[in-house]
Amino acid sequence: MEFRTAGHPEKADLLEAVKWSGNYAGHEDSSSVADVLDRVDLPEHALRWLYDTRPATLKEGATRISRQRGTRSPAAH
């Protein structure tokens with residue numbers, strides 16, 4: 001899927017940064033520790049942003065708990 005044309009330019013930018021970081025690491029003769037540390041978190045962040053559904057699941061659970069709590073009768077407290 002082409003994120004940029006699908007209206008998700010921020011995801012496209014992140015994935016492109018992952019690509020360029022990998023190309024740099026694979027083709028350069030040496031990388032400094034600072035270079036590696038600047039780039040090491042990019043792939044994990046990209047994967048979480050694209051595939052991690054826990055934030056939505058947690059939000060749904062919190063909404064459900066709040067609704068249940070709000071519908072209890074005052075005598076049940």
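**View 1. Glu44 and Arg48 sit four residues apart in helix α3 (residues 42-51), so about one helical turn separates them.** This is a predicted model, so every distance below comes from computed coordinates. The side chains of Glu44 and Arg48 meet in a salt bridge, with N to O at 3.1 Å. How exposed are the two partners? Glu44 has a relative accessibility of 43%, so it counts as partly exposed. Arg48 comes in at 42%, and that makes it partly exposed too, because the partly exposed class runs from 20% to 50%.

**View 2. Arg48 also reaches Asp52.** Zoom in on the side chain of Arg48 and you'll find a salt bridge to Asp52, where the closest N and O atoms are 3.8 Å apart. That still makes the cut, because a salt bridge here needs the nitrogen within 4 Å of a carboxyl oxygen. Asp52 is partly exposed, with 26% relative accessibility.

**View 3. Arg54 is another salt-bridge partner of Asp52.** Here the closest N and O atoms of Arg54 and Asp52 are 2.9 Å apart. Put the pairs together and you get one network: Glu44, Arg48, Asp52 and Arg54 are joined by salt bridges that share partners. How many salt bridges are there by this rule? The count is three.

**View 4. Ser21 is a buried residue in helix α1.** Helix α1 covers residues 9-27, and Ser21 is found in it. Why does Ser21 count as buried? Its relative accessibility is 13%, and buried means under 20%, so Ser21 falls in that class. What does the side chain of Ser21 have 2.9 Å from one of its polar atoms? That's the backbone oxygen of Ala17. If you skip the neighbours within four places in sequence, Ser21 is in contact with Arg39 and Leu42.

**View 5. Ala17 belongs to helix α1 as well, and its C-alpha atom is 7.6 Å from that of Leu42.** Along the chain, Ala17 and Leu42 are 25 residues apart. Leu42 is also one of the contacts of Ser21. Is Ala17 buried or partly exposed? Its relative accessible area is 29%, so Ala17 is partly exposed.

**View 6. Val33, Val36, Leu37 and Val40 form a nonpolar patch on the surface.** Together these four residues have about 390 Å² of accessible area. Pick out Val36 and you're in helix α2, which spans residues 33-39. With a relative accessible area of 44%, Val36 is partly exposed. That figure also clears the patch cut-off, because patch residues need over 30% relative accessible area.

**View 7. Zooming back out, the chain has four helices and zero strands.** Reading from the N terminus, the elements go α-α-α-α. What share of the 77 residues is buried? Buried residues come to 9%, and Ser21 from View 4 is one that counts as buried. The chain exposes about 6,500 Å². Of that exposed area, 57% is supplied by carbon and sulfur atoms.

How values were computed. Residues are numbered from 1 along each chain as its sequence is written. This is a predicted model: local features need pLDDT of at least 70, side-chain atom pairs count only at pLDDT 80 or more; totals for chains, interfaces and linings use all residues. Side-chain values use heavy atoms; hydrogens and water are left out. Helices (H or I, at least four residues) and strands (E, at least two) are DSSP runs, numbered from the N terminus. Buried means under 20% relative accessible area, exposed over 50%, partly exposed in between (1.4 Å probe, protein chains only). A polar contact is a pair of N or O atoms within 3.5 Å; within protein, one must be able to donate a hydrogen and the other to accept it, and residues adjacent in sequence count only if both atoms are side-chain atoms. Contact means heavy atoms within 4.5 Å. Accessible areas come from the Shrake-Rupley method with a 1.4 Å probe; for residues, only the protein chains shown count as cover. Patches are made of residues with over 30% relative accessible area and no salt bridge: like charges are joined within 9 Å, nonpolar side chains (Val, Leu, Ile, Met, Phe, Trp, Tyr) within 5 Å.
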